[in-house]
Amino acid sequence: MPQTQKLSELVNEIDATLRNRFDGRTFWIKAEITDVKKYIDKRWCFLKFIEKSGSAITTEIKAVFWANSYIHIQNFEKETQQTFASGLEITCNVRVRFHKRFGLDLEVLEIDFAYAIGKLELERKQILERLLKENPSIKLLESGNYSTNNNRAILPTVIQTIALITAPNSDGQRDFNKVIEKNKYGYAFVAHSFLTQVQGDNASQLIIEQLKLIEASKTKFDIIVIVRGGGSDIDFKSFNDYELAKCIALFPVPILTGIGHDRNTSIADLMARQHKTPTEVASFILDTNYNFEYNILLLKQKLSQRIKELIEGAKDDLKHYKQRVKNLNPTTILKKGFAIIYSDDKIVIDPKNIKNNAEVKTLLQNEMIYSKVSKIEKNEKLDL
Amino acid sequence: MKNLTYKKAFSDLEKLVDQIEDDEIQLDTLADKVKQANELIKFCETNLRSIEKDVEVAMGEGKKGRKKG
């Protein structure tokens with residue numbers, strides 16, 4: 001019978017050996033994470049680090065975040081705008097631990113999210129480069145913005161029919177509809193909701209499917225709005241997807257995004273018309289319509305002013321001519337004491353035609369005087 | 001004057017006034033021209049009032065203008 005020892009003796013020896021080798025030391029490692037289980041209330045997180053050769057896992061070890069280092073997960077999510085979840089590759093500082101009952105694992109002390117950000121930036125850069133390379137209609141402008149078929153498509157002067165892509169019962173949907181439905185101008189909109197998941201692994205594909213539904217719809221939409229609400233949402237992955245970005249860039253109906261983040265601009269935003277939040281998209285739509293109405297009101301005012309000027313001008317001209325006619329009216333002349341002399345029912349212009357004793361009629365303002373000419377002599381007194 | 005436009009009436013009036021103001025005008029034709037001129041003035045005034053009223057209605061400024069729906 002072989003010589004045996006107690007389990008605890010062997011495990012104690014392993015423990016001692018490991019302590020001897022690893023106590024007081026920490027290590028920076030780079031590895032993919034999987035089987036991530038977060039216990040938010042306790043601020044614990046259990047996971048596994050793995051290393052692959054092709055698709056086969058060649059190395060695997062359990063790991064844990066305890067409450068005192070859980071803050072690093074939150075910071076990572078805040079800084080990189082991605083969920084700390086299986087599939088990520090992270091760089092982190094770890095300590096080797098051995099527990100006589102629970103075995104060997106790595107305790108994560110810190111995450112280097114600069115690495116994660118760098119990796120995300122690189123991926124983003126690669127996707128943008130691919131979009132430019134494979135789609136000649138997408139152009140990078142000097143300003144750093146992207147010009148696409150979609151954001152070059154002219155917005156309607158008045159927006160009335162809206163296709164809204166959003167998650168069901170989401171803050172984004174509520175915020176957008178609140179502004180649109182109760183607008184102070186009383187504008188009426190036809191808004192059709194296309195409900196889908198907007199974050200998570202399949203989200204980009206699901207959004208593409210909604211865009212296809214919109215394209216196939218009998219309703220002719222003026223614009224498409226993609227909103228996602230809540231500032232705390234951090235998963236931008238779906239909005240940085242190549243296929244979704246391409247679909248947006250080539251889509252014929254103008255797309256306005258309000259995917260709810262102040263700091264970050266997703267690739268989807270770059271291909272469309274970006275607004276920070278659902279509320280801002282809705283306000284932009286109202287402003288667009290108000291601008292139209294304002295211009296109409298301004299034109300009406302100008303028109304009204306011009307018509308007034310024209311009519312007043314015409315009235316003045318008419319008044320002026322009326323006065324001139326009045327001044328030359330024989331009645332006006334008669335009122336001033338002048339008289340018209342008729343002889344043989346003809347106005348006497350040349351007195352040579354009147355002889356002595358001829359019967360003449362003198363027309364005054366209100367009377368006609370019949371008389372006989374007794375004398376005609378040259379007028380030498382009245383010098384006008 | 002049925003088919004007379006404001007523009008035509010006013011232009012006729014201008015010509016008439018020029019003729020009336022001509023020193024060479026004969027007194028017996030003057031009265032006739034003045035009568036014609038006054039008719040044109042009356043036509044223009046009526047026409048202008050009607051245009052003004054029509055415009056007010058069209059611009060929604062008239063007393064019986066369309067109320068906002």
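## A tour along helix H9 of chain A

Select Gly172(A), Asp175(A), Phe176(A), Val179(A) and Ile180(A) in H5(A): these meet Pro278(A), Thr279(A), Val281(A), Ala282(A), Ser283(A), Ile285(A) and Leu286(A) in H9(A). Colour that contact by class and you get eight nonpolar, three polar and one charged residues. Keep in mind as you go that this is a predicted model.

Stay with this helix pair for a moment. Helix H5 covers residues 171-181 of chain A, and its axis comes within 8 Å of the axis of H9(A), crossing at roughly 25°. An angle under 35 degrees counts as roughly parallel, so that is the label for H5(A) and H9(A). Look down on the pair and the crossing of H5(A) with H9(A) is right-handed.

**Next stop: the other partner of H9(A)**

Now bring chain B into view and select helix H1 of chain B, residues 6-21. H9(A) and H1(B) pack with their axes 10 Å apart, at an angle of about 30°. That angle makes this pair roughly parallel too. Which hand does the crossing of H9(A) and H1(B) have? It is left-handed.

For the side chains, show Tyr321(A), Arg324(A), Val325(A) and Leu328(A) on H9(A); across from them, in H1(B), are Leu13(B), Val17(B), Ile20(B) and Glu21(B). This helix contact has six nonpolar residues, no polar ones and two charged ones.

Widen the selection to everything at the contact between the chains: 16 residues from chain A and 19 residues from chain B. Where does the largest share of chain A's side come from? From H9(A), with 12 residues. Sorted by class, the side of chain A that touches chain B holds 10 nonpolar, two polar and four charged residues.

**Over to the sheet**

Select helix H9 in full, residues 278-328 of chain A, and look at what is under it: the helix lies across E10, E11 and E12 of chain A, running at about 140° to E11(A).

Those strands belong to an open sheet of five, so add the rest and read off the order E9-E8-E10-E11-E12 in chain A, paired in parallel. Strand E9 (190-195) and strand E12 (273-275) of chain A are at the edges; each has a single partner strand, so one side of each has no neighbour in the sheet. Turn the view to see the twist: on average, neighbouring strands here are turned by 25° against each other, direction ignored.

Zoom in on E10 (residues 223-227) and E11 (residues 255-258) of chain A, parallel strands joined by four bridges. Pick Ile224(A) and you'll find Ile255(A) of E11(A) standing opposite.

**Under cover: helix H7**

While E11 is on screen, select helix H7, residues 242-250 of chain A. What are its buried residues? Leu244(A), Ala245(A), Lys246(A), Cys247(A), Ile248(A) and Ala249(A). Show their surroundings and you'll see the buried residues of H7(A) packing against E11 along with helix H3 (113-134), helix H4 (149-152), helix H6 (203-216) and helix H8 (267-271) of chain A.

**Zooming out**

Finally, select chain A as a whole. Its secondary structure comes to 10 helices and 16 strands, and 24% of its 384 residues count as buried. Of the contacts in chain A with a separation of 6 or more, 62% are between residues 24 or more positions apart.

Notes:
Residues numbered from 1 in each chain as written. Chains lettered and ligands numbered in written order. Predicted model: local features only at pLDDT ≥ 70, side-chain atom pairs only at ≥ 80, totals over all residues. Pairing = 2+ DSSP bridges. Helix = DSSP H or I, 4+ residues; strand = E, 2+ residues; numbered from the N terminus. Axes fitted to C-alpha atoms, helices over the stretch in contact; angles between N-to-C directions. Contact = placed C-beta atoms within 7 Å. Buried ≥ 20, exposed ≤ 12 C-beta atoms within 10 Å, placed from the backbone. Nonpolar A, V, L, I, M, F, W, Y, C, P; charged D, E, K, R; others polar. Parallel < 35°, antiparallel > 145°, perpendicular 65-115°, else oblique. Left-handed = near helix turned anticlockwise from the far one by under 90°.
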